[in-house]
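This report describes the strand pairing, the helix packing and the chain contacts of one structure. The sequence and the structure are shown first.

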Protein chains: 2
Amino acid sequence: MSEQNFADRLSEAILAKHSPVCVGLDPVWDRLPAEFRDAGGASDDPLERGADAIEGFCKRVCELVAPHAATVKLQLAYFEIFGPPGIRAARNVSRHASELGLLVIGDVKRGDIGSTADAFAQSYFGDTSLDSSSNPARALPFDAVTVNPYMGIDAIRPFMPYCRDHGKGLFVLVKTSNPSSIDVQSLVTDEELVFHRVARLVAEWGAECVGSHGRSAIGAVVGATFPRELLEARERMPASPFLIPGVGAQGAKAEDVVAALGEPATNGVVNSSRGILYAYEKDDDPNDWESSVVRETTKLANALWREE
Amino acid sequence: MSEQNFADRLSEAILAKHSPVCVGLDPVWDRLPAEFRDAGGASDDPLERGADAIEGFCKRVCELVAPHAATVKLQLAYFEIFGPPGIRAARNVSRHASELGLLVIGDVKRGDIGSTADAFAQSYFGDTSLDSSSNPARALPFDAVTVNPYMGIDAIRPFMPYCRDHGKGLFVLVKTSNPSSIDVQSLVTDEELVFHRVARLVAEWGAECVGSHGRSAIGAVVGATFPRELLEARERMPASPFLIPGVGAQGAKAEDVVAALGEPATNGVVNSSRGILYAYEKDDDPNDWESSVVRETTKLANALWREE
């Protein structure tokens, strides 16, 4: 039996919480609340100590935001920096978030071909079993991951069976939020900009992964920092959930993105990472970081949420 | 003091071995020689057992090819599939290869912005230290990594100080070897194809990372499966070392790529993964996999090597 389509799972999660918020887990050692940096555990290995600290912090953030956010997004680079223990931490955080009812996005930005993309798909969505007696331990389990389209559909195809039949989702990078995204994404082709073309490809690829609400499990990353381009992308991908970075620390505002989410605001999530995690640094009482996390998450949810 | 530029390290390694070969480490459990699948160790955890097996296999391959290849390339996806133990295996293989005098390329195809790219650069090239007492344990050490240009120079910039001053290198995806690479890379812009533009960007980015042989530490991935495009890319990036996939299992031949390597053939390496690792499957004596690895590596080196 097929599992529920990711697009349906996503919009139902947003609806249930009245919150199209994605809390970005970008754990940076130097910026962790002191209690996590000080805990650190007994290990002499700095990678172990670091991984323990970011795991503890991210798990606690998940607990705090679970009532107020539909999704969390693990930026894997911040975990990888701690080597093997960092990957263990990512896995533990992902599982904890799932148990709390959050949808978990792996911000892995992978893009590779054929057999390698198969390996990625298996790592994140499949079972890693060494023989036919099959062990269900997924290497690093996510509900959806981000992927890079530079290599074309070969990089996307291995993920598609999981999107079509097993409730998993993709967010394809279309127009990213950083300034130099124009270098490639805004090149003018004969007929349209590169990212316009990529957007149309995403819509095309997504057609076979549509859930019961008419939306596809193949979504797109579209940055909030280019509001006009965000709407251009929406026109070309009406059925794709958006993962929208760039609000908060990168400068975009909630008003810039609400139109792309629809009414009710269920056709995507807006990510904020540093603006939520590290708001406490500017507060009067930096020991009360937990309140800051909840405050910033609900503030963003309220700014974004629209009902019909 | 600056370390020797990566482009110089690479061409000297090629010259010393008369071999512009890069042996691709794509360890696939099902295809490992029986001795590694059977060894497996005592762990009940299939991820641990799998990681031990691929680590043992890849280390042995490194020992076999060290006299005959300039570089090895770890395709990280095949390690990640085994979760945290897989990353530990990748680290151990990378260190072992370095000790054997091989340059080690991490085929990570990363592409992300600002602070995240910083984290990647630190994982692969920098020190992961948790405090000022600084620990030299790099999370996952490589001499060079592959990066994806879809997000523009923001994804490249954090790596550049390491390329300029610390002997590290990059291979930017320009024209990849897979069929659907045309989806984006061969779009026609107003003046040129997307990958032509990306090639010119790579040349531009590389200008500040030139070593004493006039070559840059900022290289490019250009697939052998499109021979005309390979030469077009070379015209636009004369100083960039190429990492050339697509020979062997993907169908391209050594003749297709020699012109792009120069004479002597030191301006890049040609990767073969499955064609070397799993040649033994077709041999009369599948137990003699070690001979097959050496035979295929030297055969490719001989087909590619040109002196002045």
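In which sense do strand β1 (residues 21-25) of chain B and β8(B) pair, and over how many bridges? In this predicted model, the two strands pair in the parallel sense over 3 bridges.

**The barrel of chain B**

The pairing of β1(B) with β8(B) belongs to a closed barrel of 8 strands, which runs β1-β2-β3-β4-β5-β6-β7-β8 in chain B with parallel pairing. On average, neighbouring strands of this sheet are turned by 30° against each other, direction ignored. Helix α5(B) packs on the sheet, where it touches β1, β2 and β3 (103-110) of chain B. The direction of α5(B) makes about 175° with that of β2(B).

Strands of a sheet pair through backbone hydrogen bonds, either parallel or antiparallel. The table lists strand pairs of chain B, each with its number of bridges and one pair of bridge partners.

| Strand pair | Sense and bridges | Bridge partners |
|---|---|---|
| β1(B) and β8(B) | parallel, 3 bridges | B:Cys22 and B:Asn271 |
| β1(B) and β2(B) | parallel, 4 bridges | B:Leu25 and B:Leu74 |
| β3(B) and β4(B) | parallel, 3 bridges | B:Arg110 and B:Val147 |
| β4(B) and β5(B) | parallel, 4 bridges | B:Thr146 and B:Phe171 |
| β7(B) and β8(B) | parallel, 3 bridges | B:Phe242 and B:Gly268 |

Strand β1(B) thus pairs with β8(B) and also with strand β2 (residues 71-75) of chain B. Besides the partners in the table, B:Val23 of chain B stands opposite B:Ser272 in β8(B). Strand β8(B) in turn pairs with strand β7 (residues 242-244) of chain B, and β4(B) pairs with strand β5 (residues 169-175) of chain B.

**Burial of the strands**

In a regular strand the side chains alternate between the two faces of the sheet. Are the residues on the two sides of β1(B) buried or exposed? B:Val21, B:Val23 and B:Leu25 lie on one side and B:Cys22 and B:Gly24 on the other, and all are buried. Strand β1(B) is accordingly mostly covered, with 5 of its 5 residues buried.

Strand β8 (residues 268-272) of chain B is likewise mostly covered, and 5 of its 5 residues are buried. From β8(B), B:Gly268, B:Val270 and B:Ser272 point one way, while B:Val269 and B:Asn271 point the other way; all are buried. The bridge partners B:Cys22 and B:Asn271 are therefore both found among buried residues, B:Cys22 in β1(B) and B:Asn271 in β8(B), where a residue counts as buried if 20 or more other C-beta atoms lie within 10 Å of its own.

In strand β4 (residues 144-147) of chain B, B:Ala144 and B:Thr146 point one way and B:Val145 and B:Val147 the other way, and all are buried.

**Packing of α9(B) and α10(B)**

The axes of α9(B) and helix α10 (residues 227-236) of chain B come within 8 Å and cross at roughly 35°. The crossing of α9(B) past α10(B) is right-handed. On the side of α9(B), the contact is made by B:His196, B:Ala199, B:Arg200 and B:Ala203, and on the side of α10(B) by B:Glu232, B:Ala233 and B:Arg236. By class, this contact has 3 nonpolar, 1 polar and 3 charged residues.

**Relation and contact of the two chains**

A turn of 180° and a shift of 0.0 Å along the axis lay chain B on chain A with an RMSD of 0.0 Å. This is the relation of a two-fold axis. The C-alpha of chain B nearest the axis is that of B:Thr189, at 1.7 Å from it.

How many residues of chain B are in contact with chain A? There are 59 residues of chain B in contact with 59 residues of chain A. On the side of chain B that touches chain A, at least two residues each come from α3 (46-65), α4 (77-80), α5 (83-99), α6 (114-124), α8 (182-185) and α9 (194-206) of chain B. By class, that side has 30 nonpolar, 19 polar and 10 charged residues. Of the interface residues of chain B, 100% are also interface residues in chain A, so the copies meet through the same surface.

Two of the helices named above recur in other parts of the chain: α5(B) also packs on the sheet, and α9(B) also crosses α10(B).

Technical notes:
Residues are numbered from 1 along each chain as its sequence is written. Chains are lettered from A and ligands numbered from 1 in the order in which they are written. This is a predicted model: local features need pLDDT of at least 70, side-chain atom pairs count only at pLDDT 80 or more; totals for chains, interfaces and linings use all residues. Two residues are in contact if their C-beta atoms, placed from the backbone, lie within 7 Å. Ala, Val, Leu, Ile, Met, Phe, Trp, Tyr, Cys and Pro count as nonpolar, Asp, Glu, Lys and Arg as charged, and the others, Gly among them, as polar. Axes are lines fitted to C-alpha atoms, for helices over the stretch in contact, and angles run from 0 to 180 degrees between N-to-C directions. A crossing is left-handed if the near helix is turned anticlockwise from the far one by less than a right angle, and right-handed if clockwise. A residue is buried if 20 or more other C-beta atoms lie within 10 Å of its own, exposed if 12 or fewer, and partly exposed in between; C-beta atoms are placed from the backbone. Two strands pair if DSSP finds at least two bridges between them. Copies are superposed by least squares on the C-alpha atoms of residues with pLDDT of at least 70 in both.
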